[in-house]
Amino acid sequence: MAVGHILVPIDFSDNSLNGLNVACEIGKKFNAVLHLVSAFHVPAPITDVGGAPQVIGAFISDYKDEVQESLDELEKSVPELQNVSYEKDVYLANTRDAIYTAIETKSIDLIVMGTRKSHKGI
């Protein structure tokens, strides 16, 4: 099986960074492109609140910029990224929808996600 594109959901937790480290190893081995995906969801604003759309729009823009900056900083905390090709995407969606969208639009072959380790050894 050829692995050309690996999806790595990132929420900047230790668990997702562990998954990213594993994805870097796999990506290097297969010369694959990593697709780092971060998502955030904003509930629909209450329409009775005056100015809510403008406030929510500014919040979304600021938050998206913060997430993008955090993605840009990953090379410092995960030096293995320097050894692989990768793309960074931020989605305004819930995580599940962002993952499905990336799968459909990026021709993803493999998903690597970090989880809490509840047992010793793999």
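User: Helices here are DSSP runs of H or I with at least four residues, and strands are E runs of at least two, both numbered from the N terminus; how many of each does the chain have?

Analyst: The chain has four helices and four strands, and along the sequence they follow the pattern β-α-β-α-α-β-α-β. This is a predicted model in which local features need pLDDT of at least 70 and side-chain atom pairs count only at pLDDT 80 or more, while totals for chains, interfaces and linings use all residues. Residues are numbered from 1 along each chain as its sequence is written, and side-chain values use heavy atoms, with hydrogens and water left out.

User: OK, how are the strands ordered in the sheet?

Analyst: The sheet is open, with four strands in the order S3-S2-S1-S4 and parallel pairing, where two strands pair if DSSP finds at least two bridges between them. Its edge strands are S3 (85-92) and S4 (110-111), each of which pairs on one side only.

User: And how many bridges join S2 to S3?

Analyst: Eight bridges join these parallel strands, and Leu34 stands opposite Tyr86 in S3. On the other pairing, S1 and S2 run parallel over five bridges, with Ile6 opposite Leu34 in S2.

User: Which helices pack on that sheet?

Analyst: H1 packs on the sheet and touches S1, S2 and S4, with its direction at about 170° to that of S1. Helix H4 (residues 95-106) also packs on the sheet, touching S1, S2, S3 and S4, and its direction makes about 135° with that of S3. Axes are lines fitted to C-alpha atoms, for helices over the stretch in contact, and angles between N-to-C directions run from 0 to 180 degrees; contact means heavy atoms within 4.5 Å.

User: Back to H1: which of its residues are buried?

Analyst: Taking buried as under 20% relative accessible area, exposed as over 50% and partly exposed as in between (1.4 Å probe, protein chains only), the buried residues of H1 are Ser16, Leu17, Gly19, Leu20, Ala23, Cys24 and Gly27. They cover an arc of only 150° around the axis, so they lie on the same side of H1; the arc is taken from the directions from the helix axis to the C-beta atoms. The face turned away from that buried side carries the exposed residues Asp14, Glu25 and Lys29.

User: What covers the buried side?

Analyst: The cover includes strand S1 (5-9), strand S2 (33-40) and helix H3 (74-77).

User: Which residues touch the most others in the largest nonpolar core?

Analyst: Of its 21 residues, Ile6, Leu20, Leu34, Leu36, Leu74 and Leu81 touch the most other members. S1, H1, S2 and helix H2 (52-72) each give two or more residues to this core, and the largest share, four residues, comes from H1. A nonpolar core is a set of buried Ala, Val, Leu, Ile, Met, Phe, Trp, Tyr and Cys residues joined through side-chain atoms within 4.5 Å.

User: What does Leu20 contact?

Analyst: Setting aside neighbours within four places in sequence, Leu20 contacts Val8, Ile10, Leu34, Leu36, Leu74, Val78 and Leu81. Apart from this core lies another of eight residues, among them Leu7, Tyr91, Ala93 and Ile108.

User: Last one, is Ser38 buried or exposed?

Analyst: Ser38, which lies in strand S2, is buried, because its relative accessible area is 3%. Not counting residues up to four places away in sequence, Ser38 touches Ile10, Phe12, Val67, Leu71, Asp89, Val90 and Tyr91.
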